[in-house]
Amino acid sequence: MIIRDIKETLKNTIEMRDVLKALNINLPGHGNKIKCFAHEEKNPSMQIYQNRVYCFTCQFSEDLFGVTSKVLNLSFPDSIKWLASQFMPGLQFDGHIDYEAIAQIKLQRAASEGLQIWRNNTYHRLCELFRATQEAKRTLKPDTIGFFVACQLEGPLDYLTDILNFGNELDWSELRQQMEASWGYPGYPELKSAKGGSRHAG
Ligand SMILES: [Zn+2]
């Protein structure tokens, strides 16, 4: 069976929801929206159609093969082969699929997503802290301990937020290790946030 026929067979026998399930993407109990896997978001804005997905936020739009290719980071032909391996058992290929490599890719993907989330949370918290130092400098008298502490923190916070803002994943990964080693972060106490409403006072 040549690859073009395999592709046609898959298109005629499976739907987008089958593919998403096979890719371990959580499907909604009701409705047809999931969190987009092409950009990071809190509220689902990716619509599932029979044979496509479309993200209303980032306009990502792909079919069964494009989605597989994106999520598993596979070439287009390999995404066809991978889907065939999931949905057409017993099919003989001329080529072969390196499952170990795919497992590695998934692992890297998960690690990279985790790092992104850490980066966003940490950046948010450090920015809150930085704003607090600016507030303290504006409102406190210069001879108070609060003013002094704010001045001491300002520089390091500026430096750390710069790394999170302009650095790459390698920089963030190193910073995370340093922060865990020196502050016990993320055991570092959570900042009270007025935004979001997810944290309670007291
Ligand atoms: Zn998106």
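# Strands, helices and how they are classed

Visitor: What do β3 and β4 form, and which residue in the turn has a positive phi?

Guide: In this predicted model, β3 and β4 form a hairpin with five residues between them, and glutamine 59, which lies in the turn, has a positive phi of about 65°.

Visitor: What makes β3 and β4 count as paired strands?

Guide: Pairing requires at least two bridges; β3 and β4, which run antiparallel, are joined by three bridges, and the requirement is therefore met. As an example, valine 53 has glutamate 62 as its bridge partner in β4.

Visitor: What is the pairing between β2 and β3?

Guide: Strand β2 (residues 46-48) pairs with strand β3 (residues 52-55) in the antiparallel sense over three bridges, and the two form a hairpin with three residues between them. Methionine 46 has cysteine 55 as its bridge partner in β3, while isoleucine 48 is partnered by valine 53.

Visitor: Why are β1 and β4 called edge strands?

Guide: The open sheet has four strands in the order β1-β2-β3-β4, with antiparallel pairing, and β1 (33-34) and β4 (61-63) each pair on one side only.

Visitor: What makes the side chains along β3 an alternating set?

Guide: In a regular strand the side chains alternate between the two faces of the sheet. Along β3, Val53 and Cys55 point to one face and are buried, whereas Arg52 and Tyr54 point to the other and are not buried.

Visitor: Where does α3 lie with respect to the strands, and what do its buried residues pack against?

Guide: Helix α3 lies across β3 and β4, running at about 110° to β4. Its buried residues, among them Phe65, Val67 and Val71, pack against α1, α2, β3, β4 and α4. Just after α3, asparagine 73 takes a positive phi of about 55°.

Visitor: Why are α3 and α4 described as they are relative to each other?

Guide: Helix α3 (residues 64-72) and helix α4 (residues 76-87) pack at an angle of about 100°, with their axes 8 Å apart. Angles of 65 to 115 degrees count as roughly perpendicular, and α3 and α4 are therefore given that description. The contact involves Leu64, Phe65, Thr68, Ser69 and Leu72 of α3, together with Phe76, Ser79, Ile80, Trp82 and Leu83 of α4. By kind, the residues of this contact divide into seven nonpolar, three polar and no charged.

Visitor: How do you know what span to expect for α4, and what do its end C-alpha atoms show?

Guide: At 1.5 Å a residue, the 12 residues of α4 should span 16 Å, and the end C-alpha atoms are 17 Å apart, which agrees. Within α4, Ser79, Ile80, Lys81, Trp82 and Leu83 are buried, and what covers the buried residues includes α1 (3-13), α2 (16-22) and α3.

Visitor: What makes arginine 131 count as buried or exposed?

Guide: A residue is exposed if 12 or fewer other C-beta atoms lie within 10 Å of its own; arginine 131 has 11 such neighbours inside 10 Å, so this residue counts as exposed. Arginine 131 is found in helix α5 (residues 99-139), and its C-alpha lies 9.2 Å from that of glutamate 154, although the two are 23 residues apart in sequence.

Visitor: How many helices and strands are there in the protein, and in what order do the elements run?

Guide: There are seven helices and four strands, and from the N terminus on the elements run α-α-β-β-β-β-α-α-α-α-α. Of the 202 residues of the protein, 13% count as buried.

Key
Residues are numbered from 1 along each chain as its sequence is written. This is a predicted model: local features need pLDDT of at least 70, side-chain atom pairs count only at pLDDT 80 or more; totals for chains, interfaces and linings use all residues. Axes are lines fitted to C-alpha atoms, for helices over the stretch in contact, and angles run from 0 to 180 degrees between N-to-C directions. Angles under 35 degrees count as roughly parallel, over 145 as roughly antiparallel, 65 to 115 as roughly perpendicular and the rest as oblique. Two residues are in contact if their C-beta atoms, placed from the backbone, lie within 7 Å. Ala, Val, Leu, Ile, Met, Phe, Trp, Tyr, Cys and Pro count as nonpolar, Asp, Glu, Lys and Arg as charged, and the others, Gly among them, as polar. The expected span of a helix is 1.5 Å times one less than its number of residues. A residue is buried if 20 or more other C-beta atoms lie within 10 Å of its own, exposed if 12 or fewer, and partly exposed in between; C-beta atoms are placed from the backbone.
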